[in-house]
Amino acid sequence: MTAAERALAGKRVLIVEDELLVALMIEDFLTEFGCTTIGPYGTVETALNAVQTEALDLAILDVNLSGERVYPVAEALAERHIPFLFLSGYGEEAIPPDHMDWKVCAKPFRGAELAGMLCAVLGTVVT
């Protein structure tokens with residue numbers, strides 16, 4: 001078992017992604033690492049409801065949900081002190097200027113890259 005697998009095993013991860021194939025790929029990846037997935041949710045409204053009602057350890061957020069920005073979900077997660085990571089084709093430009101501490105993993109991504117970034121937002125160092 002790798003350090004990333006140990007760090008992520010058992011984590012409850014919210015998936016907010018409006019493209020079904022991408023959501024399923026993320027879900028498969030997280031399942032391989034021993035995570036429990038919550039979602040996927042494809043709208044800001046349903047994702048906000050999940051943030052308020054689900055027990056979560058971590059979240060992966062697509063920035064653009066059918067033209068609507070996911071930032072309200074990120075704000076709600078931050079208020080609950082739940083770490084999150086954006087997945088975006090926009091790269092670093094996806095992060096609002098007033099939240100430069102938010103982390104983003106560019107699409108397309110490799111599994112090892114995503115695992116490393118998830119561990120980083122959890123505060124786990126993986127070598």
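Three salt bridges are present in this structure, which is a predicted model, and the tour takes them in turn before moving to a nonpolar patch on the surface.

Begin by selecting Arg12 and Glu54, whose side chains form a salt bridge in which the closest N and O atoms are 3.3 Å apart. Arg12 belongs to strand E1 (residues 12–16), while Glu54 sits in the loop between helix H3 (44–53) and strand E3 (58–62), so this pair ties together parts of the chain that are 42 residues apart in sequence. With the surface switched on, Arg12 counts as partly exposed because its relative accessibility is 27%, and Glu54 is likewise partly exposed, with a relative accessible area of 26%.

Next, select Lys107 together with Glu17, and display the salt bridge in which their side chains meet, at 3.0 Å from N to O. Lys107 is found in the loop between strand E7 (104–106) and helix H5 (111–122), and Glu17 in the loop between E1 and H2, so that distant parts of the chain, 90 residues apart, are linked by the pair. Which of the categories, buried or exposed, applies to Glu17? Glu17 counts as buried, because its relative accessibility is 4% and the buried class covers values under 20%. Its partner Lys107, by contrast, has a relative accessible area of 23% and is partly exposed.

Keep Lys107 selected and add Asp62, which forms a salt bridge with Lys107, the closest N and O atoms being 3.3 Å apart. Here too the pair links distant parts of the chain, since Asp62 lies in strand E3 and Lys107 in the loop between E7 and H5, 45 residues apart. Asp62 is buried, with a relative accessible area of 6%. With Glu17, Asp62 and Lys107 shown together, the viewer displays one network, joined by salt bridges that share partners. As background to these contacts, side chains of opposite charge can pair when their charged atoms come close.

For the last stop, leave the charged residues and select Leu20, Leu21 and Leu24, which make a nonpolar surface patch of about 330 Å². Center the view on Leu24, which has its place in helix H2 (residues 20–32). Why does Leu24 count as partly exposed? The reason is its relative accessibility of 35%, which falls between the limits of under 20% for buried and over 50% for exposed.

Key. Residues are numbered from 1 along each chain as its sequence is written. This is a predicted model: local features need pLDDT of at least 70, side-chain atom pairs count only at pLDDT 80 or more; totals for chains, interfaces and linings use all residues. Side-chain values use heavy atoms; hydrogens and water are left out. Patches are made of residues with over 30% relative accessible area and no salt bridge: like charges are joined within 9 Å, nonpolar side chains (Val, Leu, Ile, Met, Phe, Trp, Tyr) within 5 Å. Accessible areas come from the Shrake-Rupley method with a 1.4 Å probe; for residues, only the protein chains shown count as cover. A salt bridge is a side-chain nitrogen of Lys or Arg within 4 Å of a carboxyl oxygen of Asp or Glu. Helices (H or I, at least four residues) and strands (E, at least two) are DSSP runs, numbered from the N terminus. Buried means under 20% relative accessible area, exposed over 50%, partly exposed in between (1.4 Å probe, protein chains only).
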